[in-house]
Amino acid sequence: MRVLVLIPGPLRQAAGDQARLEVDLPEPATLGALLDHLAARYPLLDRRLRDERAGLRRYVNFYVDGEECRRLSGAGTSLRPDAEVRILPSVAGG
């Protein structure tokens, strides 16, 4: 099944300068499986998205079809065919 991943500007360099990635995954797929796939292809991106224990980084938000994954099942959130995963790092400053 195909999933669309939207990469924000600050992370694009770690994703081969791509704004959008179309990823083919076996079914059933989860956000964690998607991140494992991305880690194999873009190790620098993985370091920005997950911590050393492969947990979701606290200050990075993942939206699956418009829903924040932490309100769902975190990395275990199921992905449907043609799902859209949007990655949004938190921005701080004043």
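This is a short briefing on the fold and packing of one protein chain.

It's a predicted model, so local features need pLDDT of at least 70, side-chain atom pairs count only at pLDDT 80 or more, and totals for chains, interfaces and linings use all residues. Residues are numbered from 1 along each chain as its sequence is written, and side-chain values use heavy atoms, with hydrogens and water left out.

**Confidence**
- The chain averages a pLDDT (the predictor's confidence in each residue, from 0 to 100) of 94, and 97% of the residues score at least 70.
- Among the elements (DSSP runs numbered from the N terminus: helices are H or I of at least four residues, strands are E of at least two), strand S1 (residues 2–6) has the highest mean pLDDT at 98, and strand S5 (residues 67–68) the lowest at 95.

**Helix H1 and the core**
- Helix H1 (residues 31–41) has a buried set made up of Leu 31, Gly 32, Leu 34, Leu 35, Leu 38 and Ala 39 (buried is under 20% relative accessible area, exposed over 50%, partly exposed in between, with a 1.4 Å probe and protein chains only).
- They cover an arc of only 155° around the axis, which puts them on the same side of H1; the arc is that of the directions from the helix axis to the C-beta atoms.
- Ala 40 and Arg 41 are exposed, on the face turned away from the buried side of H1.
- The largest nonpolar core (buried Ala, Val, Leu, Ile, Met, Phe, Trp, Tyr and Cys residues joined through side-chain atoms within 4.5 Å) has 27 residues, and Leu 34, Phe 62 and Leu 79 touch the most other members.
- H1 gives the most to this core, with four residues.
- Leaving aside residues up to four places away in sequence, Leu 34 touches Val 3, Val 5, Val 23, Leu 25, Leu 79 and Val 85 (contact means heavy atoms within 4.5 Å).

**Strands**
- S1 and S2 pair (DSSP finds at least two bridges between paired strands) in the antiparallel sense over five bridges, with Arg 2 partnered by Asp 24 in S2.
- On S2, Leu 21 and Val 23 point to one face and are buried, while Arg 20, Glu 22 and Asp 24 point to the other and are not.
- S4 plays the same kind of alternating game: Val 60, Phe 62 and Val 64 are buried on one face, whereas Asn 61 and Tyr 63 point to the other and are not buried.
- S4 runs antiparallel to S7 with five bridges, and Tyr 63 stands opposite Arg 86 in S7.
- Two bridges join S4 to S5, also antiparallel; in that hairpin, with two residues between the strands, Asp 65 takes a positive phi near 50°.
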